[in-house]
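Please find below some notes on the model under review. They run from the overall fold to one helix and the loop that follows.

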Amino acid sequence: MGDFIFSKELFGQRLCEIRTQHHETQTELGKVIGIVKSRVSEIECGKNTTTAEKIALICNHYNISSDYLLGLTDDPEPKGQKKR
């Protein structure tokens, strides 16, 4: 598995897609994870990343897999989650 290359652009694109699917603004997401709107925008544009702690907060908030956000899988469903 040594061929994986992290993409800030893919991370940001997936975060933006999930956030808009949940009908939230960048400001609302920022409040959840403790950053300002402009920082959320930088992340979504692929200019910046965030901490593991904030990734965990995002995943918990949207009930998605961190592997999905990080580009390790195309399945947003968290592992071990029962389908409802």
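1. The protein chain, seen here as a predicted model, holds five helices and zero strands. Along the sequence, its elements follow the pattern α-α-α-α-α. The radius of gyration of the protein chain is 12 Å, close to the 12 Å given by the globule rule for 84 residues, so the chain is as compact as a globular protein of that length.

2. As to overall dimensions, a box of roughly 35 × 35 × 20 Å, taken along the principal axes, is filled by the C-alpha atoms of the protein chain. The accessible surface comes to about 5,500 Å², and carbon and sulfur atoms account for 51% of that surface.

3. On packing, 32% of the 84 residues in the protein chain are buried. Among contacts with a separation of 6 or more, 52% are between residues 24 or more positions apart.

4. On charge, the protein chain has 12 positive and 12 negative charges. The mean positions of these two sets are 4 Å apart.

5. Helix H4 spans residues 52-62, and its buried residues are Lys54, Ile55, Ile58, Cys59 and Tyr62. Viewed down the axis of H4, these buried residues fall within an arc of 140°, so they line one face of the helix. Which exposed residues does the face of H4 turned away from the buried side carry? That face carries Ala52, Glu53 and Asn60.

6. The cover over the buried residues of H4 comes from several parts of the fold, including helix H1 (8-21), helix H2 (26-33) and helix H5 (66-70).

7. Just after H4, the backbone at Asn63 takes a positive phi of about 55°. Ser65 has its place in the loop between H4 and H5.

8. Is Ser65 buried or exposed? Ser65 has a relative accessible area of 9% and is therefore buried, the cut-off for that class being under 20%. With neighbours within four places in sequence left aside, Ser65 is in contact with Cys59, Thr73, Asp75, Pro76, Glu77 and Pro78. Of these partners, Cys59 is one of the buried residues of H4.

9. To draw the local points together: H4 has its buried residues along one face, while Ala52, Glu53 and Asn60 are exposed on the face turned away. In the loop between H4 and H5, Ser65 is buried and in contact with Cys59.

Conventions:
Residues numbered from 1 in each chain as written. Predicted model: local features only at pLDDT ≥ 70, side-chain atom pairs only at ≥ 80, totals over all residues. Heavy atoms only, no water. Helix = DSSP H or I, 4+ residues; strand = E, 2+ residues; numbered from the N terminus. Rg over C-alpha atoms; globule rule 2.2 N^0.38 Å. Buried < 20%, exposed > 50% of the residue type's maximum accessible area, 1.4 Å probe, protein only. Contact = heavy atoms within 4.5 Å. Areas by Shrake-Rupley, 256 points an atom, 1.4 Å probe, with all protein chains shown as cover. Lys, Arg positive; Asp, Glu negative; His and termini not counted. Charge placed at Lys NZ, Arg CZ, Asp CG, Glu CD. Arc of directions from axis to C-beta.
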